[in-house]
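Please look through the sequence and the structure shown here before reading on. The paragraphs after it go through the model step by step.

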Amino acid sequence: MASYFDEHDCEPTNPEEQYRQNALLELARSLMQGMDIDLGPFEVSDWDQRLPPPAARAVTQNLPTVVITPEQADKGLKCPVCLLEFEEQETVRKMPCEHLFHSSCILPWLGKTNSCPLCRLELPTDNKEYEEFRKDKERRKQKEHRLENLHGAMYT
Ligand SMILES: [Zn+2]
Ligand SMILES: [Zn+2]
């Protein structure tokens, strides 16, 4: 039977991705150990340079809970933040990306920033500026895409 991580093929492939992922997990872990994390000064324009704002409260509060099955416990499925194996019948939180975490590990993290520490999937935020930035980025991407298509259509 395929493992959890084989089924959810989300292991990073290039070294830079790996580095960024580890950095996020490190941050999440130090948060759990009660270390205060300074996420830097608040400036509007450089969202690319720093961690996005906290996940929307409504989203965090409604993050589904699941109960660890005997199969998952047998496989030694771990919480990616604290690296402790989940126990059978334990109630944990499931992110939309299907990654599982202890409530006590993921909730403080989502109170700091909106992405999954493992795969960086972003949850909606309550921050209007950030949501604007995100939409804007999406629009720019689509525009570039259209230009590329147009270019392709003209020159092929
Ligand atoms: Zn944990
Ligand atoms: Zn994830």
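Where along the chain is the place of Glu 98? In this predicted model, Glu 98 sits in the loop that runs between strand 2 and strand 3. Its backbone has a positive phi of about 80 degrees, although Glu 98 is not a glycine. Most residues other than glycine have a negative phi. Glu 98 has a relative accessible area of 33% and is therefore partly exposed, since that class lies between the 20% and 50% limits.

A second residue with this kind of backbone angle is Gln 89, which is not a glycine and has a positive phi of about 75 degrees. Gln 89 belongs to the loop between helix 4 and strand 2. Its relative accessibility is 55%, so Gln 89 counts as exposed.

These loops are parts of a chain of 156 residues, of which buried residues make up 33%. The protein chain contains six helices and three strands. Their order along the sequence is α-α-α-β-α-β-β-α-α. Of the contacts between residues at least 6 apart in sequence, 56% join residues at least 24 apart.

The loop that holds Glu 98 also holds Cys 97, in the stretch between strand 2 (91–94) and strand 3 (100–101). Cys 97 is one of the protein donors of the zinc ion (ligand 2), through its SG atom. The others are His 99 (ND1), Cys 116 (SG) and Cys 119 (SG), and the donors lie 1.9 to 2.4 Å from the ion. The angles among the four donor atoms are 105 to 116 degrees, and the site is tetrahedral. Along the chain, the donors of ligand 2 have the spacing C-x1-H-x16-C-x2-C. Cys 97 and Cys 119 link distant parts of the chain, being 22 residues apart, with Cys 119 in the loop between helix 5 (103–110) and helix 6 (128–155). Are these two cysteines buried or exposed? Cys 97 counts as buried because its relative accessibility is 17%, whereas Cys 119, at 30%, counts as partly exposed.

The other zinc site is that of ligand 1. Its protein donors are Cys 79 (SG), Cys 82 (SG), His 102 (ND1) and Cys 105 (SG), at 2.0 to 2.3 Å from the zinc ion. This site is tetrahedral as well, with angles of 97 to 119 degrees among the four donor atoms. The donor spacing for ligand 1 is C-x2-C-x19-H-x2-C. Here the link between distant parts of the chain is made by Cys 82, in the loop between helix 4 (70–74) and strand 2, and Cys 105, in helix 5, 23 residues apart. Cys 82 has a relative accessibility of 18%, so it counts as buried. Cys 105 is buried too, at 3% relative accessibility.

Helix 5 also packs against another helix. Which residues make the contact of helix 2 with helix 5? The axes of helix 2 (residues 15–32) and helix 5 come within 9 Å and cross at roughly 105 degrees, and the two helices are therefore roughly perpendicular to each other. Helix 2 contributes Leu 24, Leu 27, Ala 28, Leu 31 and Met 32, while helix 5 contributes Ser 104, Cys 105, Pro 108 and Trp 109. By class, eight of the residues in this contact are nonpolar, one is polar and none is charged. Cys 105 thus appears in the contact with helix 2 and also among the donors of the zinc ion (ligand 1).

Methods: Residues are numbered from 1 along each chain as its sequence is written. Chains are lettered from A and ligands numbered from 1 in the order in which they are written. This is a predicted model: local features need pLDDT of at least 70, side-chain atom pairs count only at pLDDT 80 or more; totals for chains, interfaces and linings use all residues. Side-chain values use heavy atoms; hydrogens and water are left out. Donors are N, O and S atoms within 2.8 Å of the metal (3.2 Å for Na, K and Ca); water is not among the atoms, so sites may look incomplete. Four donors count as tetrahedral if all angles lie between 85 and 135 degrees; four count as square planar and six as octahedral if opposite donors are over 155 degrees apart and all others between 65 and 115; anything else is irregular. Helices (H or I, at least four residues) and strands (E, at least two) are DSSP runs, numbered from the N terminus. Buried means under 20% relative accessible area, exposed over 50%, partly exposed in between (1.4 Å probe, protein chains only). Axes are lines fitted to C-alpha atoms, for helices over the stretch in contact, and angles run from 0 to 180 degrees between N-to-C directions. Angles under 35 degrees count as roughly parallel, over 145 as roughly antiparallel, 65 to 115 as roughly perpendicular and the rest as oblique. Contact means heavy atoms within 4.5 Å. Ala, Val, Leu, Ile, Met, Phe, Trp, Tyr, Cys and Pro count as nonpolar, Asp, Glu, Lys and Arg as charged, and the others, Gly among them, as polar.
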